[in-house]
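Me: I'd like a close look at one part of this model, the surroundings of one bound ligand. Could you walk me through it and follow the trail into the neighbouring aromatic residues?

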Amino acid sequence: MRDLEILTETDKESLELPRTSLEENNVTGKRKLYIESYGCQMNFSDSEIVTSILQEGGYSTTANFENADVILLNTCAIRENAEQKVRNRLNNFGYLKKKRPDLVVGVLGCMAERLKTKFLEEEKIVDIVAGPDSYRDLPNLLSEAEDGHKAINVFLSKEETYADISPVRLNSNGVTAFVSIMRGCDNMCSFCVVPYTRGRERSRDVYSIIKECQDLLDNGYKEVTLLGQNVDSYKWTSEDGLEKVNFAQLLERVALISPDLRVRFSTSHPKDITDEVLYTIKKYENICKYIHLPAQSGSSRILKMMNRTYDREWYINRIDSIRNILGEDCGISQDMIVGFCTETEEDHQQTLSLIEYVKYDYGYMFSYSERPGTPAAKKYVDDIPAKVKQKRLAEVIDLQLKLSLERNNRAIGQVQKVLVEGFSKRSEDFLQGRNDQNKKVIFPKEVHKKGDYVMVKITSCSSATLKGEPENS
Ligand code: SAH
Ligand code: SF4
Ligand code: F3S
(Lines give C-alpha, C1' and ligand atoms only; values in the text may rest on other atoms or scores of the structure.)
(Ligands and ions follow the chains in the order given, each with its own letter.)
Protein backbone atom coordinates (compact mmCIF):
# COMPACT_ATOMS: atom_id res chain seq x y z
CA MET A 1 0.00 0.00 0.00
CA ARG A 2 1.20 3.44 -0.81
CA ASP A 3 0.81 6.16 1.77
CA LEU A 4 -0.90 9.32 0.72
CA GLU A 5 2.05 11.46 1.62
CA ILE A 6 1.92 15.10 0.84
CA LEU A 7 0.74 17.82 0.75
CA THR A 8 -0.35 21.28 0.12
CA GLU A 9 3.01 22.59 -0.78
CA THR A 10 4.89 21.52 -3.81
CA ASP A 11 8.37 22.09 -2.47
CA LYS A 12 8.18 18.96 -0.40
CA GLU A 13 7.45 16.99 -3.52
CA SER A 14 11.20 16.75 -3.19
CA LEU A 15 10.39 14.17 -0.54
CA GLU A 16 8.95 12.09 -3.33
CA LEU A 17 10.87 12.91 -6.47
CA PRO A 18 14.46 11.93 -6.89
CA ARG A 19 16.72 14.86 -7.66
CA THR A 20 19.67 14.40 -9.89
CA SER A 21 22.94 16.11 -10.46
CA LEU A 22 21.73 18.35 -13.22
CA GLU A 23 24.88 20.24 -13.83
CA GLU A 24 26.60 18.74 -16.80
CA ASN A 25 30.23 19.07 -15.96
CA ASN A 26 31.90 16.56 -18.19
CA VAL A 27 35.61 16.88 -18.51
CA THR A 28 37.09 14.44 -21.01
CA GLY A 29 38.93 11.58 -19.40
CA LYS A 30 37.34 12.07 -16.00
CA ARG A 31 35.12 9.40 -14.55
CA LYS A 32 31.50 10.47 -14.53
CA LEU A 33 29.27 10.51 -11.48
CA TYR A 34 25.46 10.46 -11.46
CA ILE A 35 23.81 11.04 -8.07
CA GLU A 36 20.14 10.78 -7.15
CA SER A 37 18.70 11.83 -3.77
CA TYR A 38 15.67 10.63 -1.82
CA GLY A 39 14.24 11.65 1.55
CA CYS A 40 14.63 14.87 3.49
CA GLN A 41 16.53 18.08 2.85
CA MET A 42 19.43 16.75 4.91
CA ASN A 43 19.96 14.10 2.26
CA PHE A 44 19.84 16.64 -0.57
CA SER A 45 22.33 18.71 1.32
CA ASP A 46 24.55 15.64 1.87
CA SER A 47 24.52 14.86 -1.86
CA GLU A 48 26.07 18.30 -2.39
CA ILE A 49 28.82 17.38 0.08
CA VAL A 50 29.34 14.02 -1.63
CA THR A 51 29.63 15.72 -5.02
CA SER A 52 32.19 18.12 -3.62
CA ILE A 53 34.27 15.26 -2.16
CA LEU A 54 34.14 13.32 -5.43
CA GLN A 55 34.94 16.31 -7.61
CA GLU A 56 38.05 16.73 -5.48
CA GLY A 57 38.65 13.04 -6.06
CA GLY A 58 38.65 13.58 -9.83
CA TYR A 59 35.06 12.85 -10.83
CA SER A 60 32.86 15.00 -13.03
CA THR A 61 29.05 15.00 -12.78
CA THR A 62 26.52 13.98 -15.40
CA ALA A 63 22.76 14.45 -15.57
CA ASN A 64 22.35 11.30 -17.63
CA PHE A 65 22.79 8.04 -15.75
CA GLU A 66 23.37 6.17 -19.00
CA ASN A 67 26.63 8.11 -19.42
CA ALA A 68 27.77 7.51 -15.86
CA ASP A 69 30.66 5.38 -14.65
CA VAL A 70 29.34 5.61 -11.11
CA ILE A 71 25.69 5.78 -10.02
CA LEU A 72 25.01 6.78 -6.43
CA LEU A 73 21.61 6.68 -4.74
CA ASN A 74 21.35 8.72 -1.55
CA THR A 75 18.59 6.85 0.24
CA CYS A 76 15.91 7.35 2.90
CA ALA A 77 14.62 4.80 5.42
CA ILE A 78 11.95 6.82 7.17
CA ARG A 79 8.99 4.72 5.94
CA GLU A 80 8.75 1.39 4.22
CA ASN A 81 7.62 2.93 0.95
CA ALA A 82 10.71 5.19 0.92
CA GLU A 83 12.83 2.05 0.88
CA GLN A 84 10.64 0.38 -1.73
CA LYS A 85 11.24 3.31 -4.08
CA VAL A 86 14.97 2.78 -3.84
CA ARG A 87 14.68 -0.94 -4.50
CA ASN A 88 12.56 -0.26 -7.58
CA ARG A 89 15.12 2.21 -8.83
CA LEU A 90 17.94 -0.27 -8.28
CA ASN A 91 16.02 -2.77 -10.41
CA ASN A 92 15.89 -0.15 -13.18
CA PHE A 93 19.65 0.17 -13.04
CA GLY A 94 20.07 -3.63 -13.12
CA TYR A 95 19.68 -3.84 -16.91
CA LEU A 96 22.37 -1.20 -17.40
CA LYS A 97 24.78 -3.10 -15.23
CA LYS A 98 24.19 -6.26 -17.30
CA LYS A 99 25.28 -4.35 -20.41
CA ARG A 100 28.17 -2.67 -18.61
CA PRO A 101 29.56 -4.80 -15.79
CA ASP A 102 32.18 -2.11 -15.02
CA LEU A 103 29.43 0.31 -13.93
CA VAL A 104 29.71 1.00 -10.19
CA VAL A 105 26.45 1.32 -8.22
CA GLY A 106 26.57 2.70 -4.69
CA VAL A 107 23.93 3.31 -2.05
CA LEU A 108 24.45 6.10 0.46
CA GLY A 109 22.37 7.56 3.26
CA CYS A 110 19.91 6.21 5.76
CA MET A 111 18.87 2.97 4.07
CA ALA A 112 22.55 2.10 3.59
CA GLU A 113 23.16 2.71 7.29
CA ARG A 114 20.09 0.71 8.33
CA LEU A 115 20.74 -2.35 6.19
CA LYS A 116 24.56 -2.36 6.21
CA THR A 117 25.99 -5.59 4.72
CA LYS A 118 22.46 -6.93 4.19
CA PHE A 119 22.23 -4.51 1.27
CA LEU A 120 25.12 -6.24 -0.47
CA GLU A 121 23.49 -9.62 0.14
CA GLU A 122 19.99 -8.58 -0.92
CA GLU A 123 20.72 -6.37 -3.90
CA LYS A 124 23.33 -8.00 -6.09
CA ILE A 125 23.85 -4.95 -8.26
CA VAL A 126 25.10 -2.85 -5.32
CA ASP A 127 28.90 -2.44 -5.13
CA ILE A 128 29.21 0.20 -2.41
CA VAL A 129 27.32 0.83 0.82
CA ALA A 130 28.19 4.10 2.59
CA GLY A 131 26.45 5.53 5.65
CA PRO A 132 25.91 9.29 6.24
CA ASP A 133 29.13 9.79 8.22
CA SER A 134 31.47 7.97 5.83
CA TYR A 135 31.42 10.22 2.78
CA ARG A 136 35.05 11.31 3.12
CA ASP A 137 35.90 7.66 2.55
CA LEU A 138 34.00 7.50 -0.77
CA PRO A 139 37.06 7.96 -3.02
CA ASN A 140 38.60 4.88 -1.33
CA LEU A 141 35.39 2.90 -1.48
CA LEU A 142 35.07 3.75 -5.16
CA SER A 143 38.57 2.68 -6.00
CA GLU A 144 37.97 -0.64 -4.22
CA ALA A 145 34.78 -1.11 -6.22
CA GLU A 146 36.55 -0.22 -9.44
CA ASP A 147 39.02 -2.99 -8.64
CA GLY A 148 36.07 -5.38 -8.53
CA HIS A 149 35.58 -5.60 -4.76
CA LYS A 150 32.43 -4.79 -2.80
CA ALA A 151 33.08 -1.92 -0.38
CA ILE A 152 31.26 -0.79 2.76
CA ASN A 153 31.64 1.88 5.43
CA VAL A 154 28.76 2.43 7.83
CA PHE A 155 30.75 3.81 10.75
CA LEU A 156 28.77 6.48 12.63
CA SER A 157 30.85 9.32 14.01
CA LYS A 158 30.32 11.50 17.08
CA GLU A 159 32.20 14.41 15.49
CA GLU A 160 31.78 14.46 11.72
CA THR A 161 29.96 17.57 10.48
CA TYR A 162 31.73 18.02 7.11
CA ALA A 163 32.26 21.59 8.32
CA ASP A 164 35.21 22.30 6.04
CA ILE A 165 33.63 20.98 2.84
CA SER A 166 32.12 23.49 0.40
CA PRO A 167 29.05 21.80 -1.03
CA VAL A 168 28.67 21.73 -4.82
CA ARG A 169 25.16 23.14 -5.31
CA LEU A 170 23.05 20.67 -7.28
CA ASN A 171 19.83 21.53 -9.05
CA SER A 172 20.28 25.04 -7.77
CA ASN A 173 18.07 27.98 -8.68
CA GLY A 174 21.00 30.20 -7.66
CA VAL A 175 18.78 32.02 -5.15
CA THR A 176 18.03 29.65 -2.26
CA ALA A 177 20.31 27.11 -0.58
CA PHE A 178 20.35 24.67 2.33
CA VAL A 179 23.04 24.91 4.97
CA SER A 180 23.47 22.01 7.35
CA ILE A 181 24.06 23.21 10.93
CA MET A 182 23.98 19.91 12.77
CA ARG A 183 23.80 16.17 12.21
CA GLY A 184 22.17 13.22 13.92
CA CYS A 185 19.43 13.18 16.52
CA ASP A 186 19.37 12.30 20.23
CA ASN A 187 15.62 12.33 20.65
CA MET A 188 14.58 8.71 20.31
CA CYS A 189 10.98 9.22 19.23
CA SER A 190 9.75 5.63 19.40
CA PHE A 191 8.58 5.40 15.77
CA CYS A 192 11.67 6.92 14.19
CA VAL A 193 14.64 5.32 12.49
CA VAL A 194 16.74 8.51 12.24
CA PRO A 195 18.73 8.12 15.50
CA TYR A 196 19.90 4.72 14.19
CA THR A 197 20.70 5.88 10.67
CA ARG A 198 22.29 9.23 11.48
CA GLY A 199 23.75 8.67 14.91
CA ARG A 200 24.33 11.08 17.78
CA GLU A 201 23.49 14.74 17.57
CA ARG A 202 26.40 17.11 16.92
CA SER A 203 26.50 20.81 16.06
CA ARG A 204 28.67 22.32 13.37
CA ASP A 205 31.24 25.04 14.09
CA VAL A 206 29.45 28.39 14.03
CA TYR A 207 32.24 30.07 12.05
CA SER A 208 32.04 27.51 9.24
CA ILE A 209 28.26 28.05 9.08
CA ILE A 210 28.64 31.84 8.87
CA LYS A 211 31.35 31.47 6.24
CA GLU A 212 29.19 29.19 4.10
CA CYS A 213 26.26 31.64 4.32
CA GLN A 214 28.52 34.61 3.51
CA ASP A 215 29.96 32.73 0.50
CA LEU A 216 26.44 32.02 -0.71
CA LEU A 217 25.54 35.70 -0.44
CA ASP A 218 28.75 36.65 -2.27
CA ASN A 219 27.72 34.27 -5.05
CA GLY A 220 24.33 35.90 -5.49
CA TYR A 221 22.21 33.69 -3.24
CA LYS A 222 19.45 35.47 -1.29
CA GLU A 223 18.10 32.85 1.08
CA VAL A 224 19.57 30.18 3.34
CA THR A 225 17.68 27.44 5.16
CA LEU A 226 19.52 26.21 8.25
CA LEU A 227 19.03 22.46 8.47
CA GLY A 228 18.97 19.93 11.28
CA GLN A 229 16.64 17.26 12.66
CA ASN A 230 16.13 19.42 15.74
CA VAL A 231 17.60 22.87 15.12
CA ASP A 232 16.49 24.24 18.48
CA SER A 233 18.99 22.05 20.27
CA TYR A 234 21.91 23.53 18.29
CA LYS A 235 24.71 24.04 20.78
CA TRP A 236 28.28 24.80 19.85
CA THR A 237 31.19 25.42 22.21
CA SER A 238 34.59 26.63 21.05
CA GLU A 239 37.58 24.39 21.71
CA ASP A 240 38.81 26.60 24.56
CA GLY A 241 35.32 26.46 26.06
CA LEU A 242 35.01 30.26 26.16
CA GLU A 243 32.44 30.74 23.42
CA LYS A 244 29.03 29.09 23.55
CA VAL A 245 26.37 29.55 20.87
CA ASN A 246 22.78 28.36 21.07
CA PHE A 247 20.23 28.31 18.23
CA ALA A 248 18.79 31.77 18.93
CA GLN A 249 22.32 33.23 18.88
CA LEU A 250 23.18 31.35 15.68
CA LEU A 251 20.02 32.67 14.02
CA GLU A 252 20.97 36.19 15.05
CA ARG A 253 24.50 35.85 13.68
CA VAL A 254 23.25 34.55 10.35
CA ALA A 255 20.59 37.28 10.17
CA LEU A 256 23.27 39.91 10.73
CA ILE A 257 25.30 38.81 7.69
CA SER A 258 23.09 41.00 5.51
CA PRO A 259 19.51 42.30 5.59
CA ASP A 260 19.36 41.10 1.98
CA LEU A 261 19.89 37.47 2.97
CA ARG A 262 16.72 35.73 4.07
CA VAL A 263 17.01 33.14 6.79
CA ARG A 264 14.84 30.04 7.23
CA PHE A 265 15.35 26.98 9.41
CA SER A 266 13.99 23.47 9.74
CA THR A 267 13.04 21.43 11.76
CA SER A 268 11.96 22.82 15.12
CA HIS A 269 11.07 20.45 17.94
CA PRO A 270 8.14 21.49 20.17
CA LYS A 271 10.00 20.52 23.34
CA ASP A 272 12.99 22.74 22.50
CA ILE A 273 11.70 25.84 20.71
CA THR A 274 12.18 28.69 23.18
CA ASP A 275 10.72 32.17 23.49
CA GLU A 276 14.30 33.42 22.99
CA VAL A 277 14.19 31.90 19.48
CA LEU A 278 10.77 33.45 18.83
CA TYR A 279 11.95 36.91 19.94
CA THR A 280 15.02 36.60 17.70
CA ILE A 281 12.76 35.78 14.75
CA LYS A 282 10.67 38.83 15.61
CA LYS A 283 13.70 41.11 15.93
CA TYR A 284 15.05 40.57 12.42
CA GLU A 285 13.01 41.37 9.34
CA ASN A 286 15.07 38.93 7.26
CA ILE A 287 14.30 35.91 9.47
CA CYS A 288 11.19 34.41 7.91
CA LYS A 289 8.07 34.33 10.04
CA TYR A 290 7.46 30.68 9.44
CA ILE A 291 7.91 27.67 11.71
CA HIS A 292 7.65 24.00 10.83
CA LEU A 293 6.59 22.45 14.13
CA PRO A 294 5.79 18.75 13.75
CA ALA A 295 3.16 17.62 16.26
CA GLN A 296 2.86 13.93 15.19
CA SER A 297 -0.37 13.54 17.19
CA GLY A 298 -2.92 15.61 19.10
CA SER A 299 -3.41 12.96 21.78
CA SER A 300 -1.24 13.18 24.91
CA ARG A 301 -1.53 9.41 25.39
CA ILE A 302 -0.15 8.73 21.90
CA LEU A 303 2.53 11.42 22.26
CA LYS A 304 3.72 9.65 25.41
CA MET A 305 3.92 6.33 23.57
CA MET A 306 5.76 8.09 20.77
CA ASN A 307 8.25 9.39 23.37
CA ARG A 308 7.91 12.90 21.98
CA THR A 309 8.47 14.22 25.56
CA TYR A 310 5.71 16.85 25.33
CA ASP A 311 1.97 16.59 25.65
CA ARG A 312 -0.93 18.30 23.91
CA GLU A 313 -1.00 21.15 26.45
CA TRP A 314 2.71 21.85 26.04
CA TYR A 315 2.35 21.89 22.26
CA ILE A 316 -0.62 24.28 22.45
CA ASN A 317 1.36 26.51 24.81
CA ARG A 318 4.16 26.74 22.20
CA ILE A 319 1.62 27.59 19.48
CA ASP A 320 0.11 30.28 21.71
CA SER A 321 3.60 31.75 22.27
CA ILE A 322 4.23 31.80 18.51
CA ARG A 323 0.95 33.62 17.94
CA ASN A 324 1.56 36.03 20.84
CA ILE A 325 5.11 36.90 19.90
CA LEU A 326 5.03 36.65 16.09
CA GLY A 327 1.37 37.38 15.41
CA GLU A 328 -1.49 35.63 13.64
CA ASP A 329 0.20 35.80 10.25
CA CYS A 330 3.24 33.74 11.24
CA GLY A 331 3.22 30.62 9.06
CA ILE A 332 3.03 27.30 10.92
CA SER A 333 3.19 23.84 9.35
CA GLN A 334 2.97 20.35 10.78
CA ASP A 335 3.94 16.72 10.39
CA MET A 336 1.37 14.20 11.64
CA ILE A 337 1.38 10.45 11.88
CA VAL A 338 -1.98 8.67 11.84
CA GLY A 339 -2.60 5.09 12.92
CA PHE A 340 0.21 4.80 15.45
CA CYS A 341 0.00 1.69 17.65
CA THR A 342 -3.22 1.55 19.75
CA GLU A 343 -4.56 4.84 18.29
CA THR A 344 -8.30 4.97 19.03
CA GLU A 345 -10.97 6.98 17.25
CA GLU A 346 -10.86 9.35 20.24
CA ASP A 347 -7.09 9.85 19.85
CA HIS A 348 -7.66 10.52 16.17
CA GLN A 349 -10.33 13.12 16.99
CA GLN A 350 -7.77 14.82 19.24
CA THR A 351 -5.41 15.07 16.27
CA LEU A 352 -8.16 16.61 14.16
CA SER A 353 -9.06 19.06 16.92
CA LEU A 354 -5.40 20.08 17.34
CA ILE A 355 -5.15 20.78 13.60
CA GLU A 356 -8.35 22.82 13.86
CA TYR A 357 -7.00 24.73 16.89
CA VAL A 358 -3.67 25.62 15.32
CA LYS A 359 -5.01 26.33 11.83
CA TYR A 360 -1.79 25.24 10.18
CA ASP A 361 -0.84 26.76 6.86
CA TYR A 362 0.05 23.34 5.51
CA GLY A 363 1.28 19.97 6.58
CA TYR A 364 2.84 16.64 5.79
CA MET A 365 0.73 13.71 6.85
CA PHE A 366 1.73 10.08 7.01
CA SER A 367 0.36 6.67 7.93
CA TYR A 368 2.43 5.01 10.60
CA SER A 369 4.98 2.66 9.06
CA GLU A 370 6.71 0.33 11.48
CA ARG A 371 10.50 0.50 11.20
CA PRO A 372 12.49 -2.54 12.29
CA GLY A 373 14.68 -2.01 15.36
CA THR A 374 12.89 1.12 16.63
CA PRO A 375 11.51 1.19 20.20
CA ALA A 376 7.93 1.16 18.85
CA ALA A 377 8.64 -1.94 16.77
CA LYS A 378 10.10 -3.66 19.84
CA LYS A 379 7.49 -2.60 22.41
CA TYR A 380 4.20 -2.20 20.59
CA VAL A 381 2.08 -4.00 18.03
CA ASP A 382 1.36 -2.19 14.76
CA ASP A 383 -2.31 -2.93 15.33
CA ILE A 384 -4.23 -0.35 13.33
CA PRO A 385 -5.57 -1.95 10.13
CA ALA A 386 -4.38 -0.41 6.85
CA LYS A 387 -7.96 0.56 5.96
CA VAL A 388 -8.40 2.51 9.20
CA LYS A 389 -5.05 4.25 8.70
CA GLN A 390 -6.11 5.21 5.19
CA LYS A 391 -9.44 6.60 6.35
CA ARG A 392 -7.84 8.62 9.16
CA LEU A 393 -5.15 9.90 6.80
CA ALA A 394 -7.79 11.05 4.33
CA GLU A 395 -9.59 12.87 7.16
CA VAL A 396 -6.52 14.78 8.36
CA ILE A 397 -5.60 15.65 4.77
CA ASP A 398 -9.11 16.92 4.00
CA LEU A 399 -9.14 19.07 7.11
CA GLN A 400 -5.66 20.43 6.39
CA LEU A 401 -6.60 21.29 2.79
CA LYS A 402 -9.65 23.19 4.04
CA LEU A 403 -7.53 25.12 6.57
CA SER A 404 -4.77 25.79 4.03
CA LEU A 405 -7.33 27.41 1.79
CA GLU A 406 -8.71 29.46 4.71
CA ARG A 407 -5.21 30.59 5.69
CA ASN A 408 -4.37 31.49 2.10
CA ASN A 409 -7.61 33.44 1.80
CA ARG A 410 -6.42 35.60 4.70
CA ALA A 411 -3.54 36.71 2.50
CA ILE A 412 -5.82 38.17 -0.18
CA GLY A 413 -5.46 41.96 -0.21
CA GLN A 414 -2.15 41.86 1.67
CA VAL A 415 1.05 43.16 0.11
CA GLN A 416 3.77 40.56 0.69
CA LYS A 417 7.49 40.50 0.10
CA VAL A 418 8.33 37.72 -2.34
CA LEU A 419 11.78 36.44 -3.22
CA VAL A 420 11.73 35.40 -6.88
CA GLU A 421 13.10 31.90 -7.54
CA GLY A 422 12.44 31.71 -11.28
CA PHE A 423 9.77 31.46 -13.93
CA SER A 424 6.43 29.90 -13.02
CA LYS A 425 6.14 26.33 -14.25
CA ARG A 426 3.42 27.18 -16.75
CA SER A 427 4.65 30.34 -18.43
CA GLU A 428 7.70 32.54 -18.77
CA ASP A 429 5.43 35.57 -18.56
CA PHE A 430 5.02 34.77 -14.87
CA LEU A 431 7.50 34.51 -12.03
CA GLN A 432 7.30 32.39 -8.93
CA GLY A 433 8.80 32.90 -5.54
CA ARG A 434 8.06 32.53 -1.85
CA ASN A 435 6.65 34.81 0.76
CA ASP A 436 7.79 34.93 4.38
CA GLN A 437 5.48 32.05 5.28
CA ASN A 438 7.18 29.86 2.67
CA LYS A 439 4.16 29.87 0.37
CA LYS A 440 4.51 29.86 -3.35
CA VAL A 441 3.42 33.15 -4.96
CA ILE A 442 2.92 33.58 -8.72
CA PHE A 443 2.72 36.96 -10.43
CA PRO A 444 3.27 38.62 -13.84
CA LYS A 445 6.94 39.08 -14.67
CA GLU A 446 6.85 42.71 -15.80
CA VAL A 447 10.33 44.14 -15.07
CA HIS A 448 11.28 41.64 -12.37
CA LYS A 449 13.74 38.76 -12.42
CA LYS A 450 15.09 35.83 -10.46
CA GLY A 451 16.73 36.89 -7.17
CA ASP A 452 14.67 40.10 -6.83
CA TYR A 453 12.59 40.90 -3.78
CA VAL A 454 9.20 42.06 -5.09
CA MET A 455 6.26 43.49 -3.14
CA VAL A 456 3.24 41.60 -4.43
CA LYS A 457 -0.42 42.34 -3.73
CA ILE A 458 -2.17 39.00 -3.31
CA THR A 459 -5.33 38.78 -5.40
CA SER A 460 -6.35 35.10 -5.43
CA CYS A 461 -5.33 31.69 -4.11
CA SER A 462 -5.77 27.95 -4.07
CA SER A 463 -4.96 25.76 -1.07
CA ALA A 464 -1.39 25.46 -2.37
CA THR A 465 -0.54 28.71 -4.14
CA LEU A 466 -1.06 32.47 -3.96
CA LYS A 467 -1.40 34.70 -7.02
CA GLY A 468 -0.91 38.42 -7.17
CA GLU A 469 0.20 41.60 -8.91
CA PRO A 470 3.53 43.34 -8.32
CA GLU A 471 3.21 46.74 -6.63
CA ASN A 472 4.82 49.92 -7.88
CA SER A 473 6.12 48.71 -11.22
N1 SAH B 1 13.19 15.63 13.02
C2 SAH B 1 11.89 15.87 12.58
C3 SAH B 1 11.31 14.78 11.72
C4 SAH B 1 12.11 14.07 10.72
S5 SAH B 1 11.33 12.73 9.91
C6 SAH B 1 11.00 16.01 13.79
O7 SAH B 1 11.29 15.53 14.85
O8 SAH B 1 9.95 16.55 13.66
C9 SAH B 1 10.00 13.56 9.06
C10 SAH B 1 8.64 13.08 9.44
O11 SAH B 1 8.43 11.74 9.03
C12 SAH B 1 8.36 13.04 10.93
O13 SAH B 1 8.04 14.30 11.43
C14 SAH B 1 7.19 12.09 11.01
O15 SAH B 1 5.96 12.76 10.85
C16 SAH B 1 7.41 11.17 9.82
N17 SAH B 1 7.83 9.83 10.26
C18 SAH B 1 8.95 9.49 10.91
N19 SAH B 1 8.97 8.16 11.18
C20 SAH B 1 7.80 7.66 10.67
C21 SAH B 1 7.22 6.36 10.67
N22 SAH B 1 7.83 5.32 11.21
N23 SAH B 1 6.01 6.21 10.05
C24 SAH B 1 5.38 7.27 9.50
N25 SAH B 1 5.89 8.51 9.49
C26 SAH B 1 7.08 8.72 10.09
FE1 SF4 C 1 13.13 11.25 14.52
FE2 SF4 C 1 12.21 12.36 16.71
FE3 SF4 C 1 14.72 12.81 15.95
FE4 SF4 C 1 12.72 13.87 14.56
S5 SF4 C 1 13.24 14.35 16.69
S6 SF4 C 1 14.50 12.82 13.73
S7 SF4 C 1 11.15 12.30 14.70
S8 SF4 C 1 13.86 10.85 16.61
FE1 F3S D 1 15.00 9.83 5.43
FE2 F3S D 1 17.28 9.80 6.66
FE3 F3S D 1 16.11 12.08 6.13
S4 F3S D 1 15.62 8.39 7.00
S5 F3S D 1 13.95 11.56 6.22
S6 F3S D 1 16.85 10.67 4.64
S7 F3S D 1 17.35 11.63 7.90
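Reply: Sure. Keep in mind that this is a predicted model. Ligand 2 sits in the largest cavity. Around ligand 2 you'll find Cys-185, Asn-187, Met-188, Cys-189, Phe-191, Cys-192, Val-194, Pro-195, Gln-229, His-269 and Arg-308. By type, that shell splits into 7 nonpolar, 3 polar and 1 charged residue.

Ligand 3 sits in the largest cavity too, and its shell includes Val-194 and Gln-229, both of which also turn up around ligand 2. Among the other residues around ligand 3 are Cys-40, Cys-76, Cys-110 and Arg-198. Here the split is 6 nonpolar, 2 polar and 1 charged. Domain 1 (9-153) and domain 2 (176-409) each give at least three residues to the shell around ligand 3.

Now for the aromatic trail. Phe-191, from the shell of ligand 2, belongs to one aromatic cluster with Phe-340, Tyr-368 and Tyr-380. Across the whole structure, a search turns up 11 aromatic pairs. Phe-340 and Tyr-380 make one that is edge-to-face, with 6.2 Å centre to centre and 80° between the planes. That pair ties together distant parts of the chain, 40 residues apart: Phe-340 is in the loop between β16 (331-338) and α12 (345-358), while Tyr-380 is in the loop between α13 (375-379) and α14 (386-411). Phe-340 counts as buried because its relative accessibility is 0%.

Tyr-362 and Tyr-364 have ring centres 6.2 Å apart and planes at 80°, so that pair is edge-to-face. Both Tyr-362 and Tyr-364 are buried.

Technical notes
Residues are numbered from 1 along each chain as its sequence is written. Chains are lettered from A and ligands numbered from 1 in the order in which they are written. This is a predicted model: local features need pLDDT of at least 70, side-chain atom pairs count only at pLDDT 80 or more; totals for chains, interfaces and linings use all residues. Side-chain values use heavy atoms; hydrogens and water are left out. A residue is near a molecule or strand if one of its heavy atoms lies within 4 Å of it. On a 1 Å grid over the protein atoms alone, a cavity is a set of points where a 1.4 Å probe fits but cannot get out, and a pocket is an open set with protein on both sides within 12 Å along at least five of seven lines; lining residues have an atom within 4 Å of a point. A molecule sits in a cavity or pocket if more than half of its atoms lie within 2 Å of its grid points. Ala, Val, Leu, Ile, Met, Phe, Trp, Tyr, Cys and Pro count as nonpolar, Asp, Glu, Lys and Arg as charged, and the others, Gly among them, as polar. Domain bounds come from an automatic or database domain assignment. Rings of Phe, Tyr and Trp (its six-membered ring) pair if their centres lie within 6.5 Å; planes under 30 degrees apart count as stacked, over 60 as edge-to-face and the rest as tilted. Helices (H or I, at least four residues) and strands (E, at least two) are DSSP runs, numbered from the N terminus. Buried means under 20% relative accessible area, exposed over 50%, partly exposed in between (1.4 Å probe, protein chains only).
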